[in-house]
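User: Could you take me through some strand pairings and a surface feature of this protein, reasoning through each point as you go?

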Amino acid sequence: METTEVNDEFKLAAEFVLHTNKNIFLTGKAGTGKTTFLKYIQSHSQKNTVVVAPTGVAAINAGGVTMHSFFQLPFVPFIPEKNRGFYDNNNSVDANTLFQTVRFSQPKIELFRELELLIIDEVSMLRCDYLDCIDTILRHFRRQYHEPFGGVQVLFIGDMFQLPPVVREWDVIKNYYETPFFFSAKVLQENMPIYIELKKIYRQNEERFIKLLNKIRNNEMDEENFELLNSRYQSGFDDIDGYITLSTHNYKADKINQTELQKLDGELYKFEGEITGDFDEKEFPMEYELNLKIGAQVMFVKNDSEAEKKYFNGKLATIKRIDGEKITVRFKNEQEDYELKNETWKKVKFKLNGESNKIEEDVIG
């Protein structure tokens with residue numbers, strides 16, 4: 001977003017993050033600027049900041065690390081009861097047994113003590129017990145036992161209508177929590193974050209369609225909405241050329257993409273990613289090998305980091321020319337061709353600079 005386009009909710013949330021120590025939950029539908037907000041805070045904050053996310057791919061996209069790696073979270077449920085005093089057959093840990101089973105290095109402890117702002121992205125996937133575990137770790141090592149998160153400011157970013165937490169051990173933790181979602185964590189029951197919702201959608205400007213999407217999202221469909229939706233239904237429709245097919249599994253989408261690619265005449269071009277340093281295949285934000293043909297429809301999976309902001313996550317285009325390493329596309333409903341630039345995803349880790357006491361990013365892949 002250009003500065004002039006930043007809306008009131010965006011400005012308000014940024015002021016809270018940058019100039020107070022308040023905890024904030026920033027939410028909004030797809031396309032409202034949550035990722036842009038995260039990047040804005042990263043570039044403007046003077047606070048010692050760490051970005052974490054529940055999964056490897058989410059962490060790469062957010063420019064952070066996984067919560068499990070940063071906080072060495074256990075792979076068993078965390079029980080939010082103090083002085084339980086035993087390790088339950090490796091099936092759970094509590095505040096006492098956590099520090100008996102997990103060892104933190106001195107540099108990591110020092111990093112915890114200098115941490116000022118913790119950003120948790122894709123928070124819809126964060127389990128309640130893991131948030132209480134993070135709270136316990138920060139209170140312990142920062143020696144601020146009566147302060148939520150040991151006095152660290154936390155910025156939660158995410159859309160609760162998207163992916164939920166994976167909780168295979170709900171039978172264990174349902175005795176302690178109302179839901180598996182992060183907002184059921186004990187640390188938030190008495191310390192609810194400030195709630196700010198971004199509402200302006202930047203990926204779609206057709207107002208009637210936006211309203212229909214919101215009705216579906218909130219389960220508020222009425223007869224008029226159903227009539228509008230059904231007016232788009234085409235019986236006997238079997239031509240998927242140019243249309244998007246929604247599928248429940250990646251392998252189904254891959255099969256459709258390969259089938260449609262094979263239908264196109266012309267040469268098949270293969271482009272491989274370049275990997276340097278430590279970057280596990282499970283963390284790849286997209287396919288390592290791209291198979292393309294002229295005429296193929298493509299979708300962008302990342303916002304344009306350049307000032308011109310030519311594309312965003314989810315934007316469609318068609319391959320117009322391929323000349324060696326150069327790929328030229330034309331965006332849907334536009335007449336201008338655009339030559340693609342290479343994109344880079346970085347895997348980082350956070351370390352404390354002992355001289356400046358500043359938390360720094362170290363690119364490891």
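Analyst: In this predicted model, Asn353 has a bridge partner in β14, and that partner is Lys358.

User: Over how many bridges do strand β13 and strand β14 pair?

Analyst: Strand β13 covers residues 348-353 and strand β14 covers residues 358-363, and the two run in the antiparallel sense. Asn353 of this pairing is bridged to Lys358, and the count of bridges between the two strands is six.

User: Which residue in the hairpin of β13 and β14 takes a positive phi?

Analyst: The hairpin has four residues between its strands. One residue of the hairpin takes a positive phi near 60°, and that residue is Asn357.

User: Which strands stand at the edges of the open sheet that contains β9 and β12?

Analyst: Four strands form this open sheet with antiparallel pairing, in the order β9-β10-β11-β12. A strand at an edge has a single partner strand, so one side of it is left without a neighbour in the sheet, and this applies to β9 (297-299) and β12 (337-339).

User: What is the bridge partner of Ala317 in β11?

Analyst: Strand β10 (residues 316-323) pairs with strand β11 (residues 326-331) in the antiparallel sense, over six bridges. In β11, the residue bridged to Ala317 is Phe331.

User: Is Leu229 buried, partly exposed or exposed?

Analyst: Leu229 lies in helix α11, residues 223-230, and joins Ile216 and Phe226 in a nonpolar surface patch with about 260 Å² of accessible area together. Buried would require under 20% relative accessible area and exposed over 50%. Because the relative accessible area of Leu229 is 36%, this residue is partly exposed.

Definitions and conventions:
Residues are numbered from 1 along each chain as its sequence is written. This is a predicted model: local features need pLDDT of at least 70, side-chain atom pairs count only at pLDDT 80 or more; totals for chains, interfaces and linings use all residues. Side-chain values use heavy atoms; hydrogens and water are left out. Patches are made of residues with over 30% relative accessible area and no salt bridge: like charges are joined within 9 Å, nonpolar side chains (Val, Leu, Ile, Met, Phe, Trp, Tyr) within 5 Å. Accessible areas come from the Shrake-Rupley method with a 1.4 Å probe; for residues, only the protein chains shown count as cover. A salt bridge is a side-chain nitrogen of Lys or Arg within 4 Å of a carboxyl oxygen of Asp or Glu. Buried means under 20% relative accessible area, exposed over 50%, partly exposed in between (1.4 Å probe, protein chains only). Two strands pair if DSSP finds at least two bridges between them.
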